[in-house]
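I opened this notebook to record strand pairing and burial. The entries below follow the order in which I looked things up.

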Amino acid sequence: MKTSLNFLFILFIAVLMQCNQPAKGQISWQPFTPQNLQNAAKQNKPLILHLAANWCHWCHVMEEKTYQNPQVVSYIQKNFIACREDHDQRPDLANKYREYGWPATIIFDPQGNEIFKQAGYIEANEFLEILKKIKSGQIKYKPSASSFTTNDTILRSKFQILTQGILEQIDTIKGGFDFFQKSVNYQMFEYAFNHQKQAVFKKWLNITMQNSLHLLDTVWGGYYQYSTYGEWTNPHYEKLLSIQARYVKMNLWYFYVSDDSALFHAAIKTYQYCKRFLKQPDALYANAQDADLIPGKKAHDYFRLPDKARLKKGIPHIDTNTYTANNARWAESIIWLYAFTGDSTYLNEALEIAQILIKKRQRPDGFYNHGSDNDLTPALDVQLAIANLLLNLSQITGNNQYVNQLAALLSKIKNKFYDGQCLLSFLPLKNYISPGCILEENIEAARLFNIYGHMSGNMEFIEFAKKLQQYLMSTFVKVDEFKEPSLLTLQEELNKEPYHALLLLKQNTSENLSLPLWQIPSFYLIKKTAVSKQQLNENQKEYWEFFDSNTYLFCTNSFCSPPIYDPSQLKNFFYDKLLR
C-alpha cells in the first residue's frame, strides 16, 4: 500500500510539473524580477518585458497574433528571456512606462539597460525583424546625458513655453486635446476650470465636458476609457475604476459652475455602475472591466444592446483585484458625491474604504502596499493616492487621526523617496531597474507638500515643494515635449497662499451648512468647520467671540473676506477670488 501511495504521489507531482510547463509552441513567460534580470546577465541574453493589461483590446490581439506566431515564439525561446506582467499589478513598472501605452514592449540588454521601447500592437513580422536587429547588435544601448540647471530667467522662459504649449494642444472645436484619442485629461480639466475667466478656456471646458458624455455608457453607466480617430463617438470600451473616479469628480465640479444636470446625473450613474459591477464583498472596488466580451474581438455590437440582452450574452471579464491607489481615489470621489447630495451613505462608504486600506494595506515600514500582497518595493503613486485621501478626510471630518497619518506619510515620503533631486517612482532595489523620476507623480507630490505645509504652518514642507518644482522645470520642460498643464497649476499655487475657508457654527440648525463649503471645487482651499472655540487655532479664536451667528470666512495670513452669512453667496466668492 505504501509503495502504491508513493507511486501515486510521484505521478501527481509529475503531472503538476507538466501542467506548469508552457505548451509546445508557446513562450515560457517569466515574472519581471531582479532574479530574472540576473538570469539574463548570466545567460548573456536580452530580456523582453511584455507589459499588458487584462482589459486591453490590443494587448489581447498582440498576445493572440504576435506572441503565438511560430517564428516569433521560436526566436524568443532561443535568444531571449521573456517576461510578462499585468501593469495593473505592478505600479513600479506601470508608472515608469505609462507614457508608452498598453501593451508596452520594453527590451533590455543582458546588462539591464533599456534598448527598445514601443507602445501598442506590433505585428509579428515587424516584431521578428526588431528582435533580429537586437540580437545582431543593430539596436543597442545608447546612454543619455541629463542636466539640472535653472535660474529665474530660464524658469520664466519655460513658463511661457508651457502656457503657449497648452493653447497649442487643446482642441477648441471638438474639445479634449488635438490628438488621435479623445478623453478628458484631469490635469487639463483642472487648469481650464481654474482659468474660466479666460474665454478660450471656458469655451474649451464647455465643449469638452458636453462631448465627454459620448464616452458614458447610457445603459449601465460608467465611462469608457477613450475614443479614437479624433472623434468622441468611437470608444474603446474598457472601464477602469481610476477613470470612473476622475469623471465623477470632474462632472460634479463642472455641474457646480454650469448647473448642467446631465453632468450631475452622469456622476450618479457612474457611481451606480461601479457599485453594481465593481464593488467586491470586502467593500473595496475591482480594478476594471474588459473592453471585449470575447478577448481580441471588438465589442461594438454588444455595447449597443440594452441591459437584458447584454446579460444574456454574458458580462465582459472583470478584473477583481482591489488596488489601493484606485480605491483611495474612488473614495475621494465618493466624498464629493456626499458634498453634492448630502447623502451620508456616501461619506460612510468613503470612510469604510479608508479604514480598510489603512488597516489592511499599510506595511510595517509605514508605506502602503499596492494590493493585498506585499509589494516587491513600495510605489510612490500608491503613497500619494493615500495622502490625497487622508487630506480630504482630515478636512471633512476634522479628525486629527487623519491629520497625523498624513503628516507621518508625507515625512516618510520625503525621507525615503527623495534622491536629492526628485522623488523616485519606487524605492530602489538591488539588481533591479532604476526607479526614475515621474513628472506627474512629482507634481502631485509637490502640490501635496505645499498645501499641507500651509495647513500645518510647516515651512520645511513648502520649501521642499519648491525644490521639486525647480527640478521639474529644469529637467522636463523643453520646446518639443508635451506641455504639462499641472506644472503651471503647481507654479500658481507656490506663488500664492491658499485660502482657509472657515465655517463658524454658532447656532444649531437642521441644515448641514458644511456641505456648501465642501462643494466649492478647489484643491487649493483648506476647509474647516468649527462648532466650538477649542477647534480653532490661536489666530482664529478671536472670530468665535466676534460673530454671533453662523458665518463663513475666507482668510489668508494677511487678508480675511467680509463675513458671509448666506450659503448661496459662496459661489460669488468662488467666482471672484478662486478663479483666475
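Entry 1. I began with β1 and strand β2 (residues 81-86), which pair in the parallel sense over 6 bridges. The model is a predicted one, and I read the pairing from it as such. For a single position in this pairing, I looked up His50 and found it opposite Arg84 in β2.

Entry 2. I then turned to the pairing of β1 with strand β3 (residues 104-108), which is antiparallel and runs over 5 bridges. Here I noted Leu51, whose bridge partner in β3 is Ala104.

Entry 3. Next I checked the burial of β1 itself. Strand β1 spans residues 47-52 and is mostly covered, with 6 of its 6 residues buried. I also recorded the side-chain directions: Leu47, Leu49 and Leu51 point one way from β1, while Ile48, His50 and Ala52 point the other way. Residues of both groups are buried. His50, which I had already placed opposite Arg84 in β2, is thus listed among the buried residues of β1.

Entry 4. I moved on to another sheet. In which order do the strands of the open sheet of 3 strands lie? I found the order β7-β8-β9, with antiparallel pairing. The edge strands are β7 (239-240) and β9 (318-319), each of which pairs on one side only.

Entry 5. Lastly, I examined the pairing of β8 with β9. Strand β8 comprises residues 288-289, and its antiparallel pairing with β9 extends over 2 bridges. Within β8 and β9, I noted that Ala288 stands opposite Asp319.

Methods. Residues numbered from 1 in each chain as written. Predicted model: local features only at pLDDT ≥ 70, side-chain atom pairs only at ≥ 80, totals over all residues. Heavy atoms only, no water. Pairing = 2+ DSSP bridges. Helix = DSSP H or I, 4+ residues; strand = E, 2+ residues; numbered from the N terminus. Buried < 20%, exposed > 50% of the residue type's maximum accessible area, 1.4 Å probe, protein only.
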